[in-house]
Amino acid sequence: MTKFTLTLTALAAAPLAIAQPAGFQLNVFAAPPNIEYPTCVIAGANGDVYVSSDKNGSLGHTPDFGRVIRCTDTDGDGKADKFVDFVPKINSPRGGHFVGDTLYIIHPPFLSSYRDTNGDGVAEEHKVLVTGLGGGIEHPRGADHTTNGVRMGIDGWLYISVGDFGTFPAKGTDGSTYTLYGGGVIRVRPDGSRVEPYALMVRNICDTAISPTLDMFSRDNTNDGKGWNTRFHHYTALGDHGYPRLYQNFKDEAIVPLADYGGGSGTGALWLSEPGFPPEFTDALFSTDWTTGTVHYHPWKRVGASFEVEQKTFAKVPRAIDVDVDGFSRLYIADWRGGGYNFSGPGKPVGMIQRAVFPGATAAKYQDVTKANDTDLAALVGSASAVQRLEASRELIKRGGKPAIAKVLMAVAKDSGKSVGARTAAIFTFTQMYGKFGAKYVAELAADATVREAALRAMADIPDAKLPEDLYVKYLKDPDQRVVLQAIVGLQRMGAKDSAKAILDASKSWKEVGVSPRLRHTAMQALAILGNVPPMLEAAKNKETSELALLALMRVHTNECVDGLIALVPTQDDPDIRIGVLEALARLYHKEKPWDMKSWWNTRPDDRGPYYEPITWEATDRIGPAIEQGYAKVSAARQKEMLDLLTKNRLPVNQLKLAVSDPFVTALNNKTPDAAALAVLAKGAMESSREMAQRIKAYRILLDVPAKDTLALRVGVLAAWVAEGPKAPGHQPLVLDFINSPERAKEIVGLREIAAKPDNDTASSIAWQGLLTLMRSPLSSAETKAEVKKLVDANPLEPGFFNALKELGMSGFDTQIVAGQASGKHEVVAAAQAAATVPKAVVPAKKVGTMPVAEATKAALEGKGDVKRGEWLYLAQGCISCHSVDKAGEQKGPYLGDAGAKFSREYLVESVIDPNKVVAQGFPSSLMMLKDGSSTMGFISKEEDGVVELRDVAGKLTQVKRADVSQETHLPNSMMPPGLASELSVEDWVSLMEYIVSLKQPGG
């Protein structure tokens, strides 16, 4: 293993940047041993660079393994030559922002500020500003998926990037709190006061870019079991991005991402607004991706209240972590080259910081704001440099409000010759300095369409200010959707309950545009928070406003709301409104169970929605009968639609008294189907006239029932789909899952009975493929293989047996084939002759297992294999048992359908050769001790309704009730057994890796 490790380290450490943008100069700014394990790079305005260093990586637990290093280039040659531990010991240091003389930094579960008060380069002052931000090294997963970033906007808020550990709760210095069950952005004032939500429900963000006009963006990392898809988000206030409760089944209620980039792991983000760069980079959006090793930039354009973006490559580095800029137009890029998810060991270099400059343009020259007089400082708020603007703004606020400063700031705010970013900076600096006393002057700026958005937003941030509600109502119909958005948010922030009718009326004129519209979404959120029920009930009766009103009402869990909706049920003649009212009642049937702040939604969260864990409440008993009465008035043509809505909202449909005309639809919505209902489901799943989505849903219900009750039904359904071929789209992954599942070892007798039936050769073939796969799989036990071999040795004379041999490409069954050819039965003879054409397996002269690791690695890295042969081997070696390559298939272990798009060939080769070295994040082995004294071990592939599914080293499934678990321990080893490639020839080994590298189908 030593040579193998050194080979990969050398590959990772060699290049500065695999690719870099034209005209830029890149050089090493800092590297090990001076800096190492960089989790974030933080550029000070003056050119000092602060590097968060954490040897624990994302999964380690060693205390005091982190530090923050200040790196200084004292001689101006572009390379740091002075290194001081600004924070010598800190657990899990992550992202931060250095503003003024203060480092704000996340070290979960804390947000802290650090100051060097005596000028020795080391921070003496430490203040904890926020607690409860996810977990740190004390968490079983270490600081993985925790809170990772913080950045200050020109509005003076610190915006915190919360990973999917959430906050439990986040608590500020003034006692303000916010509990977040999942990922998102929350914000807090620099003194730790006024903790509040901003935009919520994303997967696992690490950083948030903030534009000069306070638009915010993150590159998400969303492993939902169907890939580690990277979604690109634009954040605006009140936004719910829907992960994991809404984005699958309730997409119209969540904010849609700007883009889905497929596999990856989003890390850093930066909005670059500085002189000294080519035109396309002077106001540019950047993001970094650890998995693909890419620093991206995103050309953008405003569309409606949001954006549309492209994605281009700025630079390629081994493991891109972060990017930041100082006040002299110097970009700094951090990467994790040479490292894994944990400490790599003493003496092993991990990480690098590079500097990028563009000599072809005049760089910004940061002016020390502490040395500027008040007037000059106010003028600097209008600088072309966003770094300079923020520093000037913070220094002015520190000095306090003075009439002369106010005059200069307002002059900048009104100067049409200044950029919108500079004018926005002046407006927010003014409101922070003069508060409610300056609100009336800011209100006057709203008359200027260019800064109207900024004026409305800035005023709404002023605490205790009496704001002009009528002004906000007026701009609900502004032609600029960005202004409309701020009008909605402002009315919510000032608690203007009486504005509900105005918001609903204004919505009639909104024309949503772009890939990520958000006016109605934001209005829905605002209306629900304001909770003014009567105008929403009235609007629900109007065709133009009913959809928005009902979306808001279904988020108001009050008796007033429920009773009002129930009263609407018998009065509505419009079928669309009636169904909308019933859907709202269906949503209100449950409410969210309060989070215990201990459980975590896990690697593959339950995405059924609309709640994490629905519970009934005091109005539930009234809602059920109202739905029954309303359903009776739904036309037969729309009953299925109504039942689907009830089922999506997870109502106990089988307990409601609903007159359903189609027994298949009834069975689909029955949570506890009996034998008769199962038969109806199987029959319906075979009917080609039905929607394929319904048919697959019926099949999946059969999967959830004990195998002995449904085995024949499931095989019958799959056989019907195979016979249909392309007319049954999406069935192939389900057939492969069935054939290759280790669960078939529990069903050998039943499969043999199905295989022997003479009336369905396709069903017989599927059954035999399941049996023969058990016999050849390296994951099967010796006992299982012997049991199947005994059946094969009995010379089965069934076409399905020989068809299975042909389908699986299995040779070595000469005795059985000869017996088949001599059977005298036409179908058997033909099938046996086809099986005889399968090429004979060649015994490899040299097996991978006999080779030195370095030699096997070199062969896989440099060889060129046969992709089709590799695909066959992927099945034959049992890889499919734990790794789906199709998003339509059952998701078990890490999804590999886009492995070639997100992982390097080196990484994939290493993963197969030494699974324990690169355990996939999110899929550690779990040892569960049960209350009855027994235990079980595996990786968690699913958790729903309090039941955990674990898969063991052979891919076999065990279900455990979470309530029965007394202790869960995460183990460092992988469930993937080593040596899976040991019996392969070199050619087959290379072909297997060639196939895996070729997989580039995005996940879900």
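User: In this predicted model, is Tyr-37 buried or exposed?
Analyst: Tyr-37 has a relative accessible area of 1%. A residue counts as buried when this value is under 20%. By that cut-off, the term for Tyr-37 is buried.

User: Where is Tyr-37 found, and what is its phi?
Analyst: Tyr-37 is found in the loop that runs between strand 1 (25-30) and strand 2 (38-43). Although Tyr-37 is not a glycine, its phi is positive. The value of this phi is about 50°.

User: Which strand holds Met-201, and what is the phi of this residue?
Analyst: Met-201 has its place in strand 15, made up of residues 196-202. Met-201 is not a glycine, yet its phi is positive. That phi is about 65°.

User: Is Met-201 buried or exposed, and what is its relative accessible area?
Analyst: The cut-off for a buried residue is under 20%. Met-201 meets this cut-off and is therefore buried. Its relative accessible area is 6%.

User: Which residue is joined to Pro-108 by a cis peptide bond, and where is that residue placed?
Analyst: The cis peptide bond at Pro-108 has an omega of about 15°. The residue that it joins to Pro-108 lies in the loop between strand 7 (102-107) and strand 8 (110-115). This residue is Pro-109.

User: What is the omega of the peptide bond from Phe-168 to Pro-169?
Analyst: Pro-169 belongs to strand 12, residues 167-172. The peptide bond that leads from Phe-168 to Pro-169 is cis. Its omega is near -25°.

Notes
Residues are numbered from 1 along each chain as its sequence is written. This is a predicted model: local features need pLDDT of at least 70, side-chain atom pairs count only at pLDDT 80 or more; totals for chains, interfaces and linings use all residues. Side-chain values use heavy atoms; hydrogens and water are left out. Helices (H or I, at least four residues) and strands (E, at least two) are DSSP runs, numbered from the N terminus. Buried means under 20% relative accessible area, exposed over 50%, partly exposed in between (1.4 Å probe, protein chains only).
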